[in-house]
Amino acid sequence: MFAKLVVNHYEAAAVIIFGIGLSNLLLQRNLIKKIIGLNIMNTSVYLFLAAKGYISGRAAPLLIQDAAGNWINDASVYVNPVPSGLVLTGIVVSLSVTAFALALTLRLYESYATLNIDEALLKMTREQEALEENLLQESDEDVLL
Amino acid sequence: MNEDLRIIWRNFFNWVMGNGARPENEEIIPEAPPDLPFTQKQESRNSRFHELTLRERYSHWLEIHGLHLFSNVYSGMSVLICVVIVLLLLVTVAELPKFGSENNPANNEVMERYINSGGEETGAKNIVSGMILDYRAFDTFGESALLFTAAVSVLMLLAVSRRDSKNSPERLHKFSQDDSILRGVALLSIPVIVLLGCVVILNGHLKPGGGFSGGAILSAALIFAANAYGFGSVHKFFSERKFVIMISSALMIYALLNAWSFFTGANDFEAYISKGAIGNIFSAGLILPLNICLSLIVAGILYGFYALFSEEEI
Amino acid sequence: MSVNIFAYNIPFISIFLMMLAAIITPILPNRKRIPEKLSCAVVFVNVILSAYLIYVLTNSGGSLTFNFAMGNFPAPWGNELRAGPLEAILSFAFCVSMLLSLMGNSDSTAEDIPEKRRVIFCVLVNLLTASLLALTYTNDIFTAYVFIEINTIAACAIVAVKESPESIRAALRYMIMSSVGSGLLLIAICLLYDLTGHLSMQNMNLVIKNLIANREYIMPLTVALALATIGLAIKSALYPFASWLPDAHGNSTNVSSAILSGLVLKGHIFLLIKIFVRVFGLEAIHDLRMDNIIFALGIIAMIMGSVNALSQVNVKRMIAWSSVAQVGYIFLGIGLNTNAGIAAACLHIIVHATVKPMLYAAVSGLSSAAGHSKSLHALMGTFYVNRWAGLGLIAGAFSMMGIPAFAGFASKLSLMLASFDSPVMIFSLAALVTSSVLNALYYVPAVIVVLTHDKTKPKVHMNVSMIYKISMGIFIALTIYLGLFCVTLLRLLTRGVIVLG
Amino acid sequence: MASIASNFLVLMSVLFPIIAGFALFSRPIFEDRHVYVGFMTFISAGIIFLAAFCAESNLIVLCRVTQDLSIAFRMDAPARAFSCLVAFVWVLVTLYSFEYLRRRPPVDRFYAFFLSTFGILVGVACAGNLLTLYLFYELLTFMTLPLVMHSQQREAIRATVKYLLYSLIGAALALGGFFFFHVYGVSMEFTPGGFLDIAKISSENSREMILTVIFLTLLGFGAKAGLVPLHSWLPTAHPVAPTPASAVLSGLITKAGVIAMFRVVYYVAGADFLRGTWVQTALLYIALLTIFTGSMMAFIEKHLKKRIAWSSVSQVSYVVFAMMLLTPDGIRGAVLQIAAHAVSKSCLFLSAGVVIYFALMGANYHYADQLRGIGKELPVTMTCFALASVSLIGLPISGGFTAKWYMASGALELGSVGIFGVVILMISALLTAGYLLPIVTDAFFPGEDYDYTIVVPFHLPMNMRIALLLLGASAILTGVFAGNIIDFVDANMIPLLY
Amino acid sequence: MTIIEWLLLGFLIVCAIAASMAKNLLNSVIIFMSYSLVMSVIFVLLRSPDLAMTEAALGAGVTSILFFLALRKVGQMHHEHEHESESGSK
C-alpha cells in the first residue's frame, strides 16, 4: 500500500491535508481557526482534483500552434482540462463561504465578545438564568405585596 | 399488582411531565367546582424548590457538567471520525488509478472532445475558459450566483443592521489616510493595475486568467484607491445604490446572455453569434462579454466585501 | 422530444425565472412590499409551470422523461437538466410549500424582519428556491454541488435574518456543520469523477455498473458512497448529525423555520436519492452494503428525534426535533432500497413539506396570539383567539401522529407496505408504531394546551389577516387531500423512481 | 334510488352529529345552547334509528385512500344494534346533562365534543373496513379527551394524559395489526367469517405469527374496553370527567373497544380460525382476570364514582369473556350484556351524578359510606340506582341475569376453562352484590339512629328524573324483552360463528 | 523535479499543521496565506496556469485580506468591549 501511496503522492498529501483541515474545522474552539480549517480542507480537495487532471509529459490546456501555424487539437498533447474547470468554480465557492462565515463570526463577536461558539452558548445560558432569577424575584415581590 | 403498576405509572408520569413526586396516599379530588385554574407557574416553582424528579436532576446536572461533557464527547468523536476518514481515504487513494497516467478513467471521450473540437465549437484558445464558459456554463452561472448570494448575505449581516444605529459621519472617514506619498503612488499605479486587469479579462479566452482573476485585480485597484483617497471619495462616484445596481445589472446581463445561449442551444435555434477565428481578441462568441460581466461582478463584490469588513458603508 | 416545446423548456424557465427575480429584487423600489409580492408571484408562476409539466409528462404517452441540454452540447460534455415525473412532482411540491410558507407567515415576517432587511430576505428566498429547483432538476453532480452551496449560504443567511444573538449563533453552527457536509460531499464527487471520468449522472451510472460487475475499485466506490451519504446526511439532519437543527430551526423567524424544514432538508435528501438511484443504482447500493446502515440510522432518528422532542418546552424547538424524527422516516424508506421504498420516502418528503410549514405557520399564529411567547404553556387557550392557527395545529398534529385521513398516515402506510417484502419488516413495523405513539405523546399535549381555556388571562382579540386564513385553509385541505387521495400520487412517484434509475 | 337514500342516511347518521358538534365552535346558531344541542341530538338519534331500521346493508364507500383501502361504512346487524343502543342512551344522557352542565362551564366546548363523540361512536359501529374502524377508534380517543379534562384541574389533566397514553399504546398495537392484515388479507373489507388469506398464511407457514398479531391487536383494542394489561386508565379517567361524560364513557365508549374486538374476532380473523387456539384461551383467562380484579378493586374502593368505574372494568370484561367463547350462547350473552350494562352503568353514573349534584348544595357526598339515608332525600334517584344494581349483579328478570345465564351455559360447553370461568362469574356476582347492595340498603334503611329531621327535601329537575327513570326501567326491561333480542341475535349473528 | 514536488507537498502539510497550531491568529492567517501561495505554485507544476492565477488572486489574496480585516475588526471590538467593561465597572 505504501508503494502505491508513493505513486499517488499528490493525492496522499491532499488527503492528509484534508484530514488536518477537517479536524481543524471540527475541533478548533476559535472560529477564525475553524474557518481557516475549512479553507485548508477545501483547498486540499482542489489539489486532489488538479492532481487527478495531470498527465505526465503533457502541456497545459492552452491550444498551441505547430510550425505551420495550425492549431494542434490532439487530445494526446494536453492535460485534462475538466478538473481545472471544476477547481476554478470551487475556489470561488470557498471564497464566498469564507466571506459569509467571517461576517457571521464578526456578528457573533459583537454580541458575545468571544470567538468561541461554546463559550457563546455558556454566556447565553447564564444571561437567561440571570433573567429568570430576576423574574422570579419580581414575582416573589408580587406575592409579598 | 395493581399498586405496583400504579407506582410505575406514577414514576413514569412524573418523568414525562416533570411534576414533583407526589405522595402516595393522595386522594383524587374529583369535580370540585372549577375555581382554581391549572397554573403552571405554581407547579414549576413547587417542583423547583421541593422535590426533584429524575428529569430535573438530570437537567440540573446537565447545566453544571453538560457543556464540558458535551465538548469532551464531541471532541473525542470528532478525533475518531477524522482519523477514520483520513485512514479510509489513504487506503482509497492507494487503490485509485495511478497519478499522471494516460490510461486513467478520467481521460476519456469527454476530455478528448473538449480538446479536439473545443477550438471550433467555442472559438476559445484557452480550453479551460471555453469549457467553463461554454460547455459547462451553467456551473459557472451557479458560481456567480453563489458569489452574489454571499455578497447579499454579508451585506445583510454587516451593513443593513447597523445602518440605523452606528451611522455617524466621522466613521466614514476614520480610516482614510492623508498621506501624500501614498496618493502619489496610487496616482501612478492605479491606472497600471486597471490596465493589467483589463488585459487579463480581455484575454480570458486566449491566455490563463479571465473574469475571476481579472475582477480580483480590478477590485485591488478600487481598494487601493479607497485606501489612498478615503472611502468618501470613492463613494462620490460609487454610492451604495449605484454599486448594487452595477452588480445586479452586470449579473443580469450575464444571466440573460447565458439564458440566450442555453435556450437556443437546447432548442436547436439559430443563436446569431459567430465564433470568430481562434486566437483573435474578438472571437469565442459569448465568452468575451461573459468574462467582462463576470469581472464587473467579481470586482464589485470583492470591493464590497472589503468595504463591509472594514466597517464602512459601501 | 416527446413533449411540446413549451413543456420542454419548463425546467430551464423556472430556474432562470427565480434567478432573475433574485437578481432584479435589489434594484426594485422598496415600497408597498413589492419585493415580497414579486417573490410570491414568481413562485406562483413556478407552481403553475410545474403543474403543467406534471400534466404533460403523465399524458405524453411516450417516455416519461426528457433531458434538457443547457447549451449546445449534450450530456457528457455540457450541463444537463433532466425532468421526469419525480422531479416535476417534487418541484411542484417545493414551490407550493414555499408559496404557502411565504403567505402563511407574511404577518409574522412583517413583524420580525425590519423593512430594509426584507429586500435581502426576498433575494435570499428567491435564490434558495432557484437553487432548490436546480438541485431537483440537475443531471450533473457538480452542478448539484454548486447549487448546494448556494442553498447552504442562503439557508444560513435566512436563519441569521432575525436580529438576535441566538440566531447568529445558530446560523454559525449550521454553517460549520454544513461546511463539513459539503467538504465530504465534494471529496466524494472528486473520487467518483476520478473513477468514472464523468460528472453527468447517467454516464457515471454506466461506468459504475461496469466497475461493480468487474469487481474493480470496490473500496474507493464504497468510500465515495459513504462520504457522499454522510455529507448529505449532515446537511439533511439525520439523527447523530442533527445537533444543529433544533438551534437553527428553533431560533429563527417562523418563515425561516418553515422554509428550512419544509424545503432545504428535502432538497438535500432528494439529491441523496438521486445519487442512490441514478448514479449508483439500487443493486450497487445493496452490493456496497449502504442500505442497511441508512435503514438503521433512519430508525434511530425516528425514535431519538421524538424522545428529544418530548422534553422540549419551546414549541418551535419541539417541532424542530420532530423534523429530525420525520427525516428518519424518509431515510427508513430510502434504506429499504426498493423502488416502492423510495417512492414512499418521496411521498413522505411531500407530506412533510406540506405539514411542517403548516405547523410552523400555525405556531406563528398562535404565538402572536399569546404575545409572541414560544413556550408551550403560554399558548394556553390560544385556539379561541386564532382558530385557523389552532385548526392548523390540530391537523398537523393528527397528520404527524398518523391518524387515517390525514397526510401522515398515507406515507406511513406506504412505508409499511413497501417494507413488507424485506427481511427487516419487523424492525420497521416496530419503529413506525413506536414513533407514532411518541409523536402523539408530544403533539397531543400541545393540542390540549392550545384548546384549554385559560381563565386567568384577559380575553384577547386578534385580527387574523385574510391571507393567513387562505393559506391555512389550503394547508389543511392539502393535508387531508394527501391523506385521502394519495393513490395516484404514489403510483406516479413509483413510476418516477423506476424511470429515474 | 332507494339505495342512494339509504346510503345518504347511513352517512348522515355518522356525519351529522359531528358536523352539528363542530358547528358549536363557529357562531351561535341558537341563543340557548341547550335548545340547539337537544334539537341536534334528537335529530341525530332520529336519523340513526331510521338508518338502523331502514337502511340497506350494502358497503358505502366515502373515498378511496389506496386501491384496496377506503373509508367505507356498512349498516350490518351489529352496527344496527349498537347504534340503536347508542342513540337511546345518548338522548337520555343529553337530556340529563342540561341541568348538570349549567354548573360546569364551558358548555360550548363540552357539547361540541359530546355531540361529535356521538357521531364517531356510530362510525365505529358502522365501519365497513379495518381502516375506517381504526380511524374512528383514534378519533374517539381524541374527541373524548376534552370530555375527560373538562374541569381542567390538575387531576383531570393527569388523568387525561394517562388515558391518552394507554389509548395510544392500544391504538399502536392495533395499527401494527392493521398493517399485517393489510398484507395477509384478501381485502380489507369486513367479511363474516374473516378476510384473512388462509392459503397465503398456510403457504408461508405464518399461522403462529398471524395468531400473535391477532392477539396483540385484540389486546390493543382491549385498552378501550379496560382489559387487563391496559386497564388502569379507566378508574382514573372516568371519575374525573363530568357525570354525563363518565356515563357514556363507561356505558358506551368502553363498548367501542368491545365492538372493535368483535370485528377483529368475527370479521377479520373468523371464529373458525381462532377456535381452539391459544389466543382464545389466553383472552378468556385475561378476561376472567379482569373480571376478578375489577370486582375486587370495586369492592375495596370507597370513592363512589371510582367504585362504579372499577365495576365497569369488571362488567365490560364479561362481554369479552362471552365473545371469546365462540359459541352461540356466548354471542347471545355478549349482546345481552352489552345492552344491559350500557343502560345500567349509565344509570348508575347518572345517579351518582345526582348525588354529587345534590352535594353541591352543601354536603360533601363523594364516598360510598356517606350515603346513609340519602334515599329519603333522593328517592327516585336511589330507586333507579337500585334497579341498575339489580341488573349489574344479575338478579333474575333483569337484563344482567339473562346475559349471565347465557354466558354461563355457553362457558360450560367449553370444558375446564369454562368451568373455571363460571366459578369466577359466581364470585364476581357476589362481589358485585357486595359493593352495590350496601349502598342501596344504607340509603333506604339507614338504621335506628338515623336522624330523620335533617332530611332536606330536594327537588330533582324533571329532565334528570325522566332520564334516570327511563334508564333504570330499561335495565330491567332488557331482561323482560330478552327474547326479542335473542331472536335478533339468532337471526343475524349466530351465522357468524360457522 | 520530483524533489521539488516532495518538498512543496511537505511544505504544504507543515503549513497546514502550523496554521492550526499557531497561538497567534495573525500568524496563523499569514501561514495560511503562504500555504495558498505554495498551492498555486503546485498548480503551475500540475500544468494548470488558470488555477494558479485564480488561487493566487482569490485564495491567497482576497481570502487573506478578508481574514486580516476580520482580525482587525475583532481587535477593535475587543478594545471597545474592554472599554465598556471598564467603564461599566467604574
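Student: How many residue pairs are in polar contact across the interface of chain C and chain B?

Tutor: The rule finds twelve such pairs, both residues at pLDDT 80 or more. A polar contact is a pair of N or O atoms within 3.5 Å; within protein, one must be able to donate a hydrogen and the other to accept it, and residues adjacent in sequence count only if both atoms are side-chain atoms. This is a predicted model: local features need pLDDT of at least 70, side-chain atom pairs need 80 or more, and totals for chains, interfaces and linings use all residues. Residues are numbered from 1 along each chain as its sequence is written, chains are lettered from A in the order written, and side-chain values use heavy atoms, without hydrogens or water.

Student: What makes C:Asp140 and B:Arg136 a salt bridge?

Tutor: Their closest N and O atoms are 2.9 Å apart. The definition asks for a side-chain nitrogen of Lys or Arg within 4 Å of a carboxyl oxygen of Asp or Glu, so the pair qualifies. The rule finds one salt bridge across this interface.

Student: How much area do chain C and chain B bury between them?

Tutor: About 5800 Å², 73% of it on carbon and sulfur atoms. Buried area is the accessible area (1.4 Å probe) that two parts lose on being put together, summed over both. C:Ile23, C:Phe73 and C:Trp77 supply 13% of what chain C buries against chain B, more than any other three residues.

Student: Why is chain A called more spread out than a compact globule?

Tutor: Its radius of gyration, taken over C-alpha atoms, is 26 Å. The globule rule, 2.2 Å times the number of residues to the power 0.38, gives 15 Å for 145 residues. The value is well over that, so chain A is more spread out. Its C-alpha trace spans about 100 × 40 × 20 Å along the principal axes.
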